[in-house]
Amino acid sequence: MRKGLVDVVAGLLVVGTVTACGGNSSSPTTPTSVEVPASTVTSTPSTGNTGLMVNGISLSELPATQTMTVMPFDPAAVTLISAFGPSHTGIDINTITGGRFLSPGTGIVTLVQLNTGQGRPGTNYRVRIHLTSTGLNALYHFEIDGSISDQTQRDNILVALGDRVTAGQHIGNLWSLGPHAHVHFDMLDAGGRDAVRCPLVYFSPAVATTWESLYDTKIRERDRERIENNRGTFPSLPDLCNDVDLPN
Ligand SMILES: [Zn+2]
């Protein structure tokens, strides 16, 4: 386990409104202001979530001492990845049907939702995990580019509210009905509300490098088709985490 992002993770509490696709959780939980005794700051940084309740689940206070070392998805089924930017607060991961999504760390499932209210009924479902390993939250918004029954949505969510999960645990599948089907993946603050930073910064360098490389590979695959059809050229490859918005 690697230490180093501890202060950044523990100190962040972003105020603002998330407007990008899938990013905003429906939970209206008010963040709890926590005083951290000076004596504990140097030895054990707090996650700042003392006493926090999410959907009736009490979240334990554990030290934020880890970056995550497990990818939140299985790369095998990925067809495209879209970048984080100022107006897109997560990373989109497109897959074929059956794309497997995994918990990147130890945690507690704090939200399982069918028909999330974004898009037509039957189009989206959502899972959120409070990561006790980092004090933050991973949000998966499954956007299927079509419509399926409640039962099919439920069948593709493999965890229940309140479940304890471990790093690498298979938590759900994307049901993909079209080329725009994807999972919007966000890292949220301790209250599970606002997107914090580009998800990549919370992962180990090995995971971040693999993720970035997969992103480049999928862009090249996409644009190779364009070139064969004489409709475009290879763009320069941007980063997965951006300070400015990228075209598409
Ligand atoms: Zn998105």
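## An antiparallel sheet in a predicted model

The chain has four helices and eleven strands. Helices (H or I, at least four residues) and strands (E, at least two) are DSSP runs, numbered from the N terminus. This is a predicted model: local features need pLDDT of at least 70, side-chain atom pairs count only at pLDDT 80 or more, and totals for chains, interfaces and linings use all residues. Residue numbers start from 1 along each chain as its sequence is written.

Of the 248 residues in the chain, 41% are buried. Buried means that 20 or more other C-beta atoms, placed from the backbone, lie within 10 Å of the residue's own.

Seven strands form an open sheet with antiparallel pairing, in the order 3-4-11-8-7-6-9. Strand 3 (78-82) and strand 9 (164-165) stand at the edges with a single partner strand each, so one side of each has no neighbour in the sheet. Two strands pair if DSSP finds at least two bridges between them. Three antiparallel pairs are listed here.

| Strand pair | Bridges | Residues facing each other |
|---|---|---|
| 4 (residues 91-95) and 11 (residues 182-188) | four | Asn94 and His182 |
| 6 (residues 107-114) and 7 | seven | Val112 and Val127 |
| 7 and 8 (residues 137-143) | seven | Tyr125 and Phe142 |

Now look at strand 7 (residues 124-131). Eight of its eight residues are buried. Asn124, Arg126, Arg128 and His130 point one way from strand 7. Tyr125, Val127, Ile129 and Leu131 point the other way. In a regular strand the side chains alternate between the two faces of the sheet.

Strand 7 also forms a hairpin with strand 8, with five residues between them. In the turn, Gly135 has a positive phi of about 85 degrees.

Definitions and conventions. A residue is buried if 20 or more other C-beta atoms lie within 10 Å of its own, exposed if 12 or fewer, and partly exposed in between; C-beta atoms are placed from the backbone.
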